[in-house]
Amino acid sequence: MAADDYLADPDELAVWLGVPAGDLRLLAALTAASRRFRGAVGHRVTLVAGDTVTLDGGGRRSLLLPVWPTTAVSEVLLDGAALMDGTDYSWSDMGVLRRLGCAWPDRLRCVRAVYDHGWAEVPEDIQEVVLDQARTIYTVLPGIQSKTVGGQSVTFGAQAAIGVTDQWARAVARHKVRTSGDA
């Protein structure tokens, strides 16, 4: 995985774990945590240019593009015909695609949009939960809830056993792919 594909800084994880940032196990844990977050939210999180999406019209004035923040909308087609930004529709960085002067037709798959979305810099809430997950992956042996070596015993918490914290769940809910029902 390329360094820019990590959703958190290997150097910061290295401080937490007390190992060099180039440690292969550390990088594998960070890769796994980044993949888990991307899988949970259903998109890359980082900037994506020229993504094409087909949407249902829904009969309302506003549609939601599935991934935010929206940084550009380069094309909107309605039943194959190009619409003009500022005349036929407008858009916001929150991914709202609003029809101007009328509603979108109530038809399935009638709107196609090409847009740029994602974060140039990964939000801190995502970085934090990815670091937490990577620390857990690095530290906890799969399937182990407690471990005794000599006179020392360690018991891992429930979040280590199930792999999801409340903080993780909130970050996933905030950044997940949206559907028309989320409008």
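# Reading the fold, term by term

Analyst: In this predicted model, 73% of the contacts in the protein chain between residues at least 6 apart in sequence join residues at least 24 apart.

User: What makes two residues a contact here?

Analyst: Their heavy atoms lie within 4.5 Å. Take L78, leaving aside its neighbours within four places in sequence. L78 is then in contact with L83, R99, W104, P105, C110 and V111.

User: Why is L78 called buried?

Analyst: Its relative accessible area is 13%. Buried means under 20%, so L78 qualifies. L78 lies in strand β3. Its C-alpha is 9.8 Å from that of L55, and the two residues are 23 apart in sequence.

User: How much of the protein chain counts as buried?

Analyst: The figure is 38% of its 183 residues. The accessible surface comes to about 10000 Å². Carbon and sulfur atoms account for 53% of that surface.

User: Which elements make up the protein chain?

Analyst: There are five helices and nine strands. From the N terminus on, the order is α-α-β-β-β-β-β-β-β-α-β-β-α-α.

User: Why is the pair E75 and R112 called a salt bridge?

Analyst: The closest N and O atoms of E75 and R112 are 2.5 Å apart. The cut-off is 4 Å between a side-chain nitrogen of Lys or Arg and a carboxyl oxygen of Asp or Glu, so the pair passes. This pair links distant parts of the chain. E75 is in strand β3 (residues 70-78), R112 is in strand β7 (residues 111-117), and 37 residues separate them.

User: Are E75 and R112 buried or exposed, and what values decide it?

Analyst: Neither word fits, because partly exposed covers the range between 20% and 50%. E75 has a relative accessible area of 29%, so it is partly exposed. R112, at 33%, is partly exposed too.

User: What makes R174 and D125 a salt bridge?

Analyst: Their side chains meet at 3.6 Å, N to O. That is within 4 Å, so the term applies. R174 sits in helix α5 (residues 166-175) and D125 in helix α3 (residues 124-139), 49 residues apart. R174 is partly exposed at 43%. D125 is partly exposed at 26%.

User: Why can R135 and D132 meet in helix α3?

Analyst: They are three residues apart in the helix, which means about one helical turn separates them. Residues three or four places apart point the same way, because an α-helix has 3.6 residues a turn. The closest N and O atoms of R135 and D132 are 2.3 Å apart, and the pair forms a salt bridge. Both R135 and D132 are buried.

User: How many salt bridges does the whole structure hold?

Analyst: The search finds six.

User: How do you know how the length of α3 compares with the expected span?

Analyst: α3 has 16 residues, and at 1.5 Å a residue they should span 22 Å. The end C-alpha atoms are 22 Å apart, so the two values agree.

User: What does the same check give for α2?

Analyst: α2 (residues 24-41) has 18 residues. It reaches 26 Å from its first C-alpha to its last, close to the 26 Å expected.

User: What lies at the two ends of α2?

Analyst: At the start, a side-chain oxygen of D23 reaches to within 3.1 Å of the backbone nitrogen of R25. Just after α2, G42 takes a positive phi of about 85°.

User: Which residues of α2 and α3 are buried, and what covers them?

Analyst: The buried residues of α2 include L26, L30, F37 and V41. Their cover includes α1 (10-17), α3 and α5. In α3 the buried residues include I126, V130, A134 and Y138. Cover there includes α1, α2 and α5.

User: What makes a group of residues a nonpolar core?

Analyst: Its members are buried nonpolar residues joined through side-chain atoms within 4.5 Å. The largest such core has 25 residues. L7, L13, L26, L30, F37, I126 and V130 touch the most other members. α1, α2, α3 and α5 each supply at least two residues of this core. α2 gives the largest share, seven residues.

User: Which residues does L30 contact beyond its sequence neighbours?

Analyst: Leaving aside those within four places, L30 contacts Y6, A8, D9, P10, L13, V130 and A134. Apart from the largest core lies another, of 16 residues, among them L55, V67, L83 and L97.

Terms used. Residues numbered from 1 in each chain as written. Predicted model: local features only at pLDDT ≥ 70, side-chain atom pairs only at ≥ 80, totals over all residues. Heavy atoms only, no water. Helix = DSSP H or I, 4+ residues; strand = E, 2+ residues; numbered from the N terminus. Buried < 20%, exposed > 50% of the residue type's maximum accessible area, 1.4 Å probe, protein only. Expected span 1.5 Å × (residues − 1). Polar contact = N/O pair within 3.5 Å; in protein donor to acceptor, adjacent residues only side chain to side chain. Areas by Shrake-Rupley, 256 points an atom, 1.4 Å probe, with all protein chains shown as cover.
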